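Here are my notes on the model you sent round. They go from the overall fold to the core and then to the aromatic side chains.

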Amino acid sequence: MDELATALGDGGVHRIDEQWESLAGGYDGISTSTLNRLLVTDGHHHHQEVARELQVRADPSSLLYACRAIDMGFSRLAYTASEPEVLGKWYSWLLAGIGTDEATAAIERYSCSEVPGLVEAMRYRLSRLRKP
């Protein structure tokens with residue numbers, strides 16, 4: 001089991017930042033399952049990197065976690081100092097990266113959201129997905 005999974009299992013979210021920093025961008029040793037859990041776990045400062053790695057992996061198992069993270073709201077990501085539009089982009093890229101019909105349906109659903117920033121990002125991503 002990787003160290004991040006151990007930190008999650010022990011409830012050691014305070015150790016996640018330390019473990020993440022030791023990876024120095026080498027995420028191959030982290031399971032997609034661990035990354036999925038990190039996406040919806042508060043108390044660390046690497047949600048953007050986690051979302052990006054999940055986007056690259058394009059694993060359908062990440063859909064549930066991406067939707068849960070969106071539904072948890074953006075206030076938990078205040079540490080990033082990112083505008084809602086930027087946070088919406090993270091998730092629109094992640095969902096588009098997953099690339100399944102279900103992920104596209106989620107983008108469509110969130111494009112009708114009442115969450116400022118999320119709507120614009122999801123509508124833009126839909127327009128890009130629909131371009132020939």
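**Notes on the predicted model**

1. The protein contains eight helices and zero strands. Along the sequence the pattern therefore reads α-α-α-α-α-α-α-α, with helices and strands taken as DSSP runs. Please keep in mind that this is a predicted model.

2. On burial and surface: of the 132 residues in the protein, 45% are buried. The exposed area is about 6,900 Å², and carbon and sulfur atoms supply 51% of it.

3. On contact range: among contacts in the protein with a separation of 6 or more, 61% are between residues 24 or more positions apart.

4. The largest nonpolar core has 31 residues. Those that touch the most other members are Leu39, Tyr91, Leu94, Leu95, Tyr110 and Met122. At least two residues of this core come from each of helix 2 (13-23), helix 3 (32-39), helix 4 (47-57), helix 5 (62-71), helix 6 (84-98), helix 7 (101-110) and helix 8 (118-130). Helix 6 gives the most, with six residues.

5. Which residues does Leu94 touch, not counting residues up to four places away in sequence? They are Leu39, Ala51, Leu54, Gln55 and Ala66. Leu94 and Leu39 are both among the core residues that touch the most other members.

6. Searching the whole structure gives two aromatic pairs. In one of them, Phe74 and Tyr91, the ring centres are 6.2 Å apart and the planes are at 5 degrees, so this pair is stacked. The pair links distant parts of the chain, 17 residues apart: Phe74 lies in the loop between helix 5 and helix 6, and Tyr91 lies in helix 6. Both Phe74 and Tyr91 are buried.

7. Why is the pair of Trp90 and Tyr91 classed as tilted? The ring centres of Trp90 and Tyr91 are 6.3 Å apart, and their planes are at 50 degrees, so the pair is tilted. The class follows because planes under 30 degrees apart count as stacked and those over 60 as edge-to-face. Trp90 is buried, as is Tyr91.

8. Taken together, the ring pairs link Phe74, Trp90 and Tyr91 into a cluster. Tyr91 also appears among the core residues that touch the most other members.

9. One charge-over-ring arrangement involves Arg109 and Tyr110: the charged end of Arg109 sits over the ring of Tyr110, 5.2 Å from its centre. Tyr110 is one of the core residues that touch the most other members.

Conventions:
Residues numbered from 1 in each chain as written. Predicted model: local features only at pLDDT ≥ 70, side-chain atom pairs only at ≥ 80, totals over all residues. Heavy atoms only, no water. Helix = DSSP H or I, 4+ residues; strand = E, 2+ residues; numbered from the N terminus. Buried < 20%, exposed > 50% of the residue type's maximum accessible area, 1.4 Å probe, protein only. Contact = heavy atoms within 4.5 Å. Areas by Shrake-Rupley, 256 points an atom, 1.4 Å probe, with all protein chains shown as cover. Core = buried A, V, L, I, M, F, W, Y, C linked by side-chain atoms within 4.5 Å. Phe/Tyr/Trp six-rings, centres within 6.5 Å; stacked < 30°, edge-to-face > 60°. Lys NZ or Arg CZ within 6 Å of the ring centre and 35° of its normal.
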